[in-house]
Amino acid sequence: MSAPVSPVVTPERIDSVRARARGAATAAELACVLRDAGDVGRGKLVQLLLDESVECLRSEPRRSLVLARAASSEARAAADVARLAAAQSLAGQALVIAGRCRLGLGLLDRALAHLMADGPSPAAGRIEVRRMYALSELGRYEAARFAGERARSLFQATDDVMGLVQADVALGRLASRRDDHRAAAWHYRRARVALGERGKAVGRAIIDMNLAVCLEARHRYGAAQRYLARARALFDDEEQNTLVAQIDANRAHLAFVRGLYAEALRLYLGAEATFRAAADGRSLAQCHLERADLLLQMGMPGEARDLARQAAVEFEREGVRKERAQAWLAAGVADLLEDESARAEEALESARRIFEEDGNVVWAAEAELLLAMAAMERGDPSLARSLASNAQETFLRESRTARAGSADILLARIDLDSGFAARALAQLDRAEERTRGLDAPWLRVELARFRGLAHLALGRSEQGVAALEDAVGMLETHRGALPSDEFMVAFLASKAALYAETVDALARVGRHRDAFEFCERAKSRALVDMLSRRGAGAAGPRGSLRDVRIQAHRQRLNALYTRLHRVAIGTEQVADDREAALREQLAIDERELARLLRQRWSADPEIASVDAVGALGLESVQELLDDETTLVEYFLTGSRLYAFTVRRDGFRCHAIDVREEQLLRLVQRFRFHLAKFNLPPEKRRLDEATMLAATRANLSALHMILIEPVQAELRGRRVVFVPHGILHGFPFHALPEGDGWFADRHDIWYAPSATVFGFCARKGPRAEGPAGVFALPDEAAPEIAAEAVAVGRALDGAQVHIGDEATSDRLREAAATSRVLHVATHGQFRRDQPSLSSIRLADGWMNVYDVYELDVRAELVTLAACESGVAEVTGGDEMLGLLRGFLFAGAPRLLASQWRVHDEATALFMEALYRAHREERSWERAVRVAIATVRARHPHPYYWAPFFLVGYPDSLMRDGTTTHHRPRPGGQAVGALNGRSL
């Protein structure tokens, strides 16, 4: 009887099984495929499963694990030890990649035991290399190093050059994790020499990429850049687009650590676009996580939190535990910065739990340190100290010196807050000693800051002030590389407390001039840098209206704005749930538009190369003034209000003992009085005379705080107010003065900072063309049309655009050619997204980014719209809103409103303003006439005080005082990083 003939397994049959295996979504589905593939033979089946597991190991570790486990079962049934070890090794790798290092290490140990039973082999060496990674992730560094050296011995015994390369690369990574970057570089270079021109170019490029990361950590940025460039060229030649993107992500991180934040953002965004197109979810999530870290460093916690949570979801989908925990860590930090302590602790506890489950002691300690910060913020110093001490012990045990230094600083902060200044200073000394030699700029800033506060608490004023000045100096070395505007704003927002502490300390020791100059260094620095860029000819990115994606979002938003506006004024009715849906869609589109506009702005190469500019020194500010002008600059430090009065021939610092909360209550009460006028007359409980008396009493209390201490210095007719914090947007001209008002006796101007005031003095030639008047009346503001006609008559030869003629294109043209630009329309200020604050035109809404793109040459821009001058004031004392946009666009002075204006009173004000200017030839005096005209009919400040002048006085410029201002010797800018002055 002849033996049965085994069926011939054709390549087509193998391909069919492979295709079905690829399509199996679960282990159960894969089991069905294997049952149906009995004819293929176990050996071939196991190899097929192993090949497929290798193929998706990096991109889909969970799927790779399913395939490897199936291969392991089949190999065990076939008693195929070699393939069983290979399957267990693959399963272990997949678990390690997914962050489940402890389980993965167990499988790798079993695979190694199977292979070593038959004696040493290169395959055993490769498993040792994989064990290294698992051990290092678990923080078992010595065991990992031993595994690496054993792997090298196994490869040397068999003269396996490629194995030796793998072992050295793994040893290099291990040394990097232990912050021994010199040893890491040595291993990478040995691997590169051994590899020579063998193997694939991609392998050589990966080693170059790792070496670059190592060189970056040693602050050899030029060499790191060269290696990254070489690796990128190799990946490019091989058309490895995702690896090119990975290089760009590494270049982004290099830019980040060098403080080149604009370049880092540009590279991250480009890399993310490639990963998104390649559907590489894991790399995209990693990029999001790194960009979240960058945004956190820049003080943008809201966007950082969103990115980190997005990354956490993607990592969970990919089954990657370590990175998911890191994403929760970043989200927790963001929540801490936004004072969301409960949500922060929840995110941080989630991260710590994952790290502890995986045995990752270093990252668990990182989470513990952040939890200590959260405990301190909510007033539990005992728990904070316990957590910080535990974290510090781990960092020291694992040789994480920089992180141990961070724990030292936190413990010093706890001591300082608890009244133990001497103990805090000793703790800071230990941190200084521990971190000596490390290039950790942020740690240095915090060390200097808290050392200064500790010295001050101990009564050592000189040492305390010197340390705080050092901290500010170190902080400002990072300013010049920030991209622009809201990025810069957010960065300085997180550091505002340091400036306040420094100004307060300087003022208390009598160094008033230095206090004033540090005050200027704290104010509107992002706007200063933007104005400097504009003065140098870089106006920012143009043509956003031609960007297809931006235009699509604009069109949707314009439709939504128009519809919701009709609902608001009662010309359209929609159901409550429908209105809620419209507003939800509006919020989604607004966030995306803001992201696209910010992305366009930050990616501009001119912006990325801008240097930081110094603030004006005292003498330079004095040169901006004449004998009739006093500049009054305020600065709040929490427990004190400082008022600096600057005259051409003098300077004084006034310390006013008022807490910020007290001042805030009075300012809010004034806003409450104004809010009553937004109610219909029949719903107001009081008549206007009674309301005026209550408002005047409230404003008299503010006059006592804000004006009386400086009254003797206000000897001329003109006062320039430079507010701070909550005082921005407050009408100083509406403060009572005797039986009248402050505006009766003085010409009033405002400026975000004295340095911005100086920039307004330097604006170039103004346009001489006819005035441009733009008006968009509707049912809610019918007086706008009549106002435009009256303004047009008062401004001889004005070009008046009403209704459909008031388009953005016409406004753009008029901005560059008109001597006066008057815009009477609806305006909206957005506290949630100040850069989307906008004015309504016939063809849509013009937001702050659009205004940035204008070339304004008018001598005055009047924004006769509601809240056109309202600004969100952030830390760093930056004012975000339309006013900022027009200053950047070139306006030397603006007339804008600080609250919702009364339609009829505004028309009266504007007609009086332009008629008076024709006779007075001075905008400040014309404003006084307009105020008096409106007040004669409407006595309450609500009607006559919303409009204020911002910028440099035209009459002061015409007097010849500072037409082309240049600082004289001794009046140079202070705090300039590049020596440039204004």
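Here is a short conversation about two helices and a small sheet in a predicted model.

Tutor: Before we start, residues are numbered from 1 along each chain as its sequence is written. In this predicted model, local features need pLDDT of at least 70, side-chain atom pairs count only at pLDDT 80 or more, and totals for chains, interfaces and linings use all residues, while side-chain values use heavy atoms, with hydrogens and water left out.

Student: What makes residues 261-277 count as helix 14?

Tutor: Helices are DSSP runs of H or I with at least four residues, strands are runs of E with at least two, and both are numbered from the N terminus. Helix 14 has 17 residues.

Student: How do you know that the span of helix 5 agrees with what is expected?

Tutor: The expected span is 1.5 Å times one less than the number of residues. For the 17 residues of helix 5 (residues 81-97) that should be 24 Å, and the end C-alpha atoms are 24 Å apart, so the two agree.

Student: Why is helix 5 called mostly covered?

Tutor: Buried means under 20% relative accessible area (1.4 Å probe, protein chains only). In helix 5, 13 of the 17 residues are buried. Just after helix 5, Gly99 takes a positive phi of about 90°.

Student: How do you know that strand 11 and strand 12 pair?

Tutor: Pairing needs at least two bridges found by DSSP between the strands. Strand 11 and strand 12 (residues 838-841) have two bridges, in the antiparallel sense, so they qualify. Gln828 has Ser838 in strand 12 as its bridge partner.

Student: What is the strand order in the open sheet?

Tutor: The order is 11-12-13, with antiparallel pairing. Strand 11 (827-828) and strand 13 (844-847) are at the edges because each has a single partner strand.

Key. Buried means under 20% relative accessible area, exposed over 50%, partly exposed in between (1.4 Å probe, protein chains only).
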